Amino acid sequence: MARPLTTRFIAGLTLADAVRVASELKRSEMLASLDYLGENVTTLEEAAAAREAYLAAIRTVYPLHASVSMKVTALGLDISEEACRANTDALVRLACDTGTRVELDMEDSTYTDRNLKIVHEMHEKHGGGVRAVIQAYLYRSEQDIIDLCEHGIPVRLCKGAYKEAPSVAFPKKADVDANFLKLTDLLLERGSYPAIATHDDAMLNHALAFVRERHIRADRFEFQMLYGVRRDLQQRVIKEGYRLRLYVPYGAAWYPYFMRRLAERPANVLFLAKSLFK
Ligand code: FDA
């Protein structure tokens, strides 16, 4: 039933679908980051299957300069930190060998410390090959960015997509937006090839004004957006001569990802409801 909307946000069920999308994006001068859908696996076998799916993805898409985006809970963090570290290590090793990068998506705040610990360990061990994700809605994010920048670890900045308590995250959207702007400046100034991930015109305009004012070269950072969201803005970024990477999810475990996209924008629920009645 959800097919009309899921196909807008999700490349398809297989790696071949994701590769097709990544190739199309390349022709339109956009980069991709492939996300093999899945999270919170409950067995080591599922975690190993996710690792193998990612290894196959890296081997296939590195010629397109695509990265992969993974979740630590898809690679087994809920079962064993050791197993998750070993699975992530296999991905980062191959990413370094093939000249690409593993981006560690950030999940809810109960995982932040453990996720960042693995990012730091991988960066130190392999001398690169990873990107951290920081959520502007968390109070702690400024300090996390300072630590990551000091270690030369690339960061993707996003607003944050999980339900968080006011004790850890700004409850008001205006405060999240203000923090996003502040962290954007920090990253563009001190970061190592940062990624500004947003579909918000105000956030994008601010970043563009900042880089122009400071004469920051277009190859020193990138914008990131989600596959299927704000295609108009995607075109604008490319036309203005900046780098854009689209986050391209694929695979059968689409439900939690899809629900987060619905939650971000009530109009999506309306669109889904209309398509069900057609
Ligand atoms: P905002 O929510 O203010 O939206 C601005 C405008 O964008 C809206 O008015 C609408 O036009 C459009 N828009 C936004 N979301 C839409 C949607 N779902 N459907 C249709 N239109 C939409 N989060 C996280 O917690 N951990 C992570 O690892 C990541 N990773 C990540 C990677 C990339 C590349 C992106 C772009 C985003 C993420 N996110 C994420 C999600 C992020 O935290 C956030 O929830 C969404 O990007 C929405 O925030 P915006 O910055 O787009 O602004």
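Helices, at least four residues long, and strands, at least two, are DSSP runs numbered from the N terminus, and it is in these terms that glycine 152 is placed just after α6, where this residue takes a positive phi of about 70°. The model is a predicted one. The points below take up two helix pairs, the surroundings of helix α6, the two cysteines 149 and 158, and some individual residues, among them two that have a positive phi without being glycine.

**Packing of α3 with α4**
- Helix α3, covering residues 44–61, and helix α4, covering residues 81–98, have axes that come within 10 Å and cross at roughly 5°, which makes α3 roughly parallel to α4, given that angles under 35 degrees are counted in that way.
- On the α3 side the contact is made by Leu44, Ala47, Ala48, Arg51, Tyr54, Leu55, Ile58 and Arg59, and on the α4 side by Ala83, Asn87, Ala90, Leu91, Leu94, Ala95 and Thr98.
- Divided by class, the residues of the contact of α3 with α4 are 11 nonpolar, two polar and two charged.

**Packing of α7 with α8**
- Helix α7 (residues 173–190) packs with helix α8 (residues 201–213) at an angle of about 30°, and their axes are 10 Å apart; α7 and α8 are therefore roughly parallel to each other.
- The crossing in which α7 passes α8 is right-handed.
- From α7 the contact draws on Asp177, Phe180, Leu181, Thr184, Asp185, Leu188 and Glu189, while α8 contributes Ala202, Met203, His206, Ala207, Phe210 and Val211.
- This contact of α7 with α8 has, by class, eight nonpolar, two polar and three charged residues.

**Helix α6 and its cover**
- In helix α6, which spans residues 141–150, the buried residues are Ser141, Asp144, Ile145, Ile146, Leu148 and Cys149, and what covers them includes α5 (112–126), β4 (130–135), β5 (155–158) and α7.
- Serine 141, which is found in α6, counts as buried because its relative accessibility is 2%, under the 20% cut-off.
- Once neighbours within four places in sequence are left aside, serine 141 is in contact with Ile134, Gln135 and Leu183.

**Cysteines 149 and 158**
- A search of the whole structure finds zero disulfides; for cysteine 149 the closest cysteine sulfur is that of cysteine 158, 15 Å away, and this is too far for a bond because a disulfide requires sulfur atoms within 2.5 Å.
- Cysteine 149 is buried, with a relative accessible area of 14%, and cysteine 158 is likewise buried, with a value of 19%.

**Individual residues**
- Tyrosine 193, in the loop between α7 and β6 (195–197), has a positive phi of about 40° although this residue is not a glycine, and at 16% relative accessibility tyrosine 193 counts as buried.
- Arginine 230, which lies in the loop between β7 (222–226) and α9 (231–239), also has a positive phi, near 50°, in a residue other than glycine, and at 27% relative accessibility arginine 230 counts as partly exposed.
- Tyrosine 255 has its place in helix α10, residues 255–264, and is exposed, with a relative accessible area of 53%.
- The C-alpha atom of tyrosine 255 is separated by 8.9 Å from that of glycine 38, although these two residues are 217 residues apart along the chain.

Key
Residues numbered from 1 in each chain as written. Predicted model: local features only at pLDDT ≥ 70, side-chain atom pairs only at ≥ 80, totals over all residues. Heavy atoms only, no water. Buried < 20%, exposed > 50% of the residue type's maximum accessible area, 1.4 Å probe, protein only. Axes fitted to C-alpha atoms, helices over the stretch in contact; angles between N-to-C directions. Parallel < 35°, antiparallel > 145°, perpendicular 65-115°, else oblique. Left-handed = near helix turned anticlockwise from the far one by under 90°. Contact = heavy atoms within 4.5 Å. Nonpolar A, V, L, I, M, F, W, Y, C, P; charged D, E, K, R; others polar.
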